[in-house]
Amino acid sequence: MSRYFNNYKILSLLLFGFFILHLPLQASIFDGDSIVYGGGVRASFAGGENTPFWLVSNQRGLSSPEFNNGYVNGFVAKPLRPDKKFSIGGAVDITGGWNLPGAFRIKQLYGELKYRRIWVSIGAKDIESNYNDPYLSTGDLLFSGNAMSIPQLRIGTYDFAPFWGTKGWFSVKLYLSYGMFTDSKWVDSWVYPGGNRATDVLFCGRGLWLRGGNMEIFPLTLDVGIEMGTQFGGKILYNGETIKMPTGIKDWIKAVVPYAGSSATITPEQNNVQGNMNGEYSIALRYHPKDWKLKLYWEHYFEDQSMMTFEYGAWKDGLWGLEIEFPSNRFISKFLFEYVSTYDQTAPLLHNSTPEVPEQISGNDEYFEHYLYGAWQNWGMVIGTPLAISPLYNRNHHLALYDTRFKVSHLGFEGNPYNNLSWRLLLTFSRNWGTYSKPLPNIMNNFSGLIEVNYECDFIKGTYIKGALAWDKGHLLGNNFGGVISLGYNGDFSFNRKMKK
């Protein structure tokens, strides 16, 4: 499996090298484009039991519950041009850190191209959610900004593509991707000796969203969609037994559509679906009048057929969000409220039908967990919502989740009082029950907050200073207080027609 990963890295490097080294020769393609570059340093300090929640979460895996962590990074990127029929892009983003899982990280390394609405990307790229604000939201239930991005080959549409003949009133966005997790060495070194683990794991992602409405004519749109992610293949150490999961062509197909495993898999995989298959439904309503914006959105997480078909009150679990962007003012530019519940998970009872016992009762979905793959995680951080406390918090070094049943109320505020000064405030209150199989002895309440200020320096254009204070209060994460300071620089270089000579 490592052979495939090495080939994947080499291909990504060759693609990016081709893009960068051939820029002068292809100036007619890149005319009017730009290269962006920069770097910085981030350092956090804390006291208590852990680094505060909002200094750890939604940082693309570049933080840790361990005290006094930080990193230095540098990047160069060529963004795609949405206004061009044909555009090429790519990026390298490298990080060296301390008190993080892995001292050296390739945060992003990818090449991509777009022709009209067709988009192809290869490598590790940070991709934002369709609906969740990356600075104010708790994060998408399935793919948040909580963990490192997974290297993958992704083919789909670039944003929403209008259906022919509908004059922009109906459009679609879709993709299919295959990739591989890169945390195998870290998993082997971090998990306690002999503990359950999965390495050399493969990944499959896919999504489909439909949109009705045309903002250029009427300021209201409605989106509905489904997105799924699957862990499959790999080498599993389970209760002292080593299991090699199959990776044939049929197994790659089964990673797309939920199918039961073949005789090459172990018995539980044959009775349910092969691999760790996760997904979500989403609905978003946008209303954009002249000088303000309103967005209502809902996400429903599922892990098997019971949650997909809303059995046993499954609709009760989900994320409900409200986001308001105000007219330009010096006080508050954006407000967000989210309510998240994963309390029900259909029921506290699970039984898969077998030839011996044909009856089946669905339930106990154990969100973000899997008996073979451990958790829906990458480098110790949950890939979905950070509200499911990540394995990296586990001092027993179990690659498992101990709190996936919760009800959360969350507020986010953002302001831009001056052109070079901005701030944000996050306030999060949760009630936590643990899991059905590992219930907490008592309901645990937790309150987490963050206040952050970002200043862009006038005396050196592109330089910024960012500072934040954060805190936790409660029995779930402990009473913690800490801060972070970031210094960085962002610049750009534009191409022009003189390069054609």
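**Strand pairing and the setting of I332**

In the predicted model, G40 has G488 as its bridge partner in β26. This pair belongs to the antiparallel arrangement of β1 (residues 34–47) and β26 (residues 480–494), which are joined by 14 bridges. Strand β1 also pairs with β2 (residues 70–78), again in antiparallel fashion, through eight bridges. Here V41 is found opposite V72 of β2. Taken together, β1 is bridged to β26 and to β2.

A further set of pairings is centred on β22 (residues 405–418), which runs antiparallel to β17 and shares eight bridges with that strand. Within this pairing, F335 is matched with F413 of β22. Strand β22 is likewise antiparallel to β23 (residues 421–434), and 12 bridges link the two. One of the facing pairs is V408 with S430 of β23. The connection from β22 to β23 is a hairpin of two residues.

It is worth pausing at I332, which sits in the loop that leads from β16 (318–325) to β17 (334–341). I332 is classed as partly exposed because its relative accessibility is 23%, a value between the 20% limit for buried residues and the 50% limit for exposed ones. Beyond its neighbours within four places in sequence, I332 makes contact with F326, F413, E414 and G415. Among these, F413 is also the bridge partner of F335. N416 offers another view of this region: I332 and N416 are separated by 84 residues in sequence, yet their C-alpha atoms lie 6.9 Å apart.

Conventions
Residues are numbered from 1 along each chain as its sequence is written. This is a predicted model: local features need pLDDT of at least 70, side-chain atom pairs count only at pLDDT 80 or more; totals for chains, interfaces and linings use all residues. Side-chain values use heavy atoms; hydrogens and water are left out. Helices (H or I, at least four residues) and strands (E, at least two) are DSSP runs, numbered from the N terminus. Buried means under 20% relative accessible area, exposed over 50%, partly exposed in between (1.4 Å probe, protein chains only). Contact means heavy atoms within 4.5 Å. Two strands pair if DSSP finds at least two bridges between them.
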